[in-house]
Amino acid sequence: MEKVEIDEVDNEPNPMAAQSVRRPVSDALGTTDFAMNYFELEQGESFSGGYHTHHDQEEVFYVLEGTATFETENGPLTVDAGELVRFAPGEFQQGTNEGDGPLVGWALGAPDSSHNWEDIESVVYCQACDSETKHALEIADEGGFRLNCSNCDNSFTIA
């Protein structure tokens, strides 16, 4: 059995600095089959660094306080305090705090305690294609992420 206090879990914002507070509770608890991340998002911050999907993991977001706005393939979706939303593997999304106050929430994922970086796909602007295209994502040796365009194989690194 493991027990932790959220405030005692190290704050580890993602490499793209998309949020001020991200506490990987699943790491602190030692889970192997389930991911739990606690977030406190200020106005304009997001749960992740961009519009993306996990091909290997479903995600559930629970909003404890405030309102999250998710960009989805079906348009924007608002999730208020006390509500949850589930994204199946392969569904693109990005959740942000577009409200006036703080957003406190949880991102929960399964079947593993963390996702495989090769199974994440983002939609970003490709200079070579001159349009928003799907990009494979990997952690770059120099830090940050390397994105590879699925259309033209152009790649670039973001910090």
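These are my notebook entries on a predicted model, taken from the overall layout down to single residues.

**Entry 1: overall layout**

I began with the secondary structure and found 1 helix and 13 strands in the protein. I then read the order along the sequence, which runs β-α-β-β-β-β-β-β-β-β-β-β-β-β. The helix therefore follows strand E1 in that numbering from the N terminus.

Next I looked up burial: of the 159 residues in the protein, 40% are buried. For the surface I noted an accessible area of about 8600 Å², with carbon and sulfur atoms holding 45% of that area. I also checked how far along the chain the contacts reach. Among contacts with a separation of 6 or more, 52% join residues 24 or more positions apart.

**Entry 2: Gln-19**

I looked for Gln-19 and found this residue in the segment before strand E1, which spans 21–24. Is Gln-19 buried or exposed? Its relative accessibility is 4%, and because the cut-off for buried is under 20%, Gln-19 counts as buried.

I then asked which backbone oxygens the side chain of Gln-19 reaches. One belongs to Ser-46, and a polar atom of the Gln-19 side chain lies 3.0 Å from this oxygen. The other belongs to Phe-47, at 3.1 Å from the side chain.

I listed the contacts of Gln-19 as well, leaving aside neighbours within four places in sequence. Ser-46 and Phe-47 appear again, along with Glu-45 and Ser-48. The rest of the list is Pro-13, Asn-14, Phe-39 and Leu-41.

**Entry 3: strands E4 and E7**

I turned to strand E7, residues 84–87. Which residues of E7 are on the covered face? I found Val-85 and Phe-87 there, while Leu-84 and Arg-86 are on the uncovered face.

I looked up the pairing of E7 with strand E4, residues 58–65. The two strands run antiparallel and share 4 bridges. Within this part of the model, Glu-59 stands opposite Phe-87, a residue of E7. Phe-87 is thus noted twice, on the covered face of its strand and across from Glu-59.

**Entry 4: Leu-108**

I located Leu-108 in strand E9, residues 103–110. Apart from neighbours within four places in sequence, Leu-108 is in contact with Glu-58, Glu-59 and Val-60. Phe-34, Ala-35 and Met-36 complete that contact list.

I also took the C-alpha separation between Leu-108 and Arg-86, which comes to 9.2 Å. These two residues are 22 residues apart along the chain. Arg-86 is one of the residues on the uncovered face of E7.

Notes:
Residues are numbered from 1 along each chain as its sequence is written. This is a predicted model: local features need pLDDT of at least 70, side-chain atom pairs count only at pLDDT 80 or more; totals for chains, interfaces and linings use all residues. Side-chain values use heavy atoms; hydrogens and water are left out. Buried means under 20% relative accessible area, exposed over 50%, partly exposed in between (1.4 Å probe, protein chains only). Two strands pair if DSSP finds at least two bridges between them. A polar contact is a pair of N or O atoms within 3.5 Å; within protein, one must be able to donate a hydrogen and the other to accept it, and residues adjacent in sequence count only if both atoms are side-chain atoms. Contact means heavy atoms within 4.5 Å. Accessible areas come from the Shrake-Rupley method with a 1.4 Å probe; for residues, only the protein chains shown count as cover.
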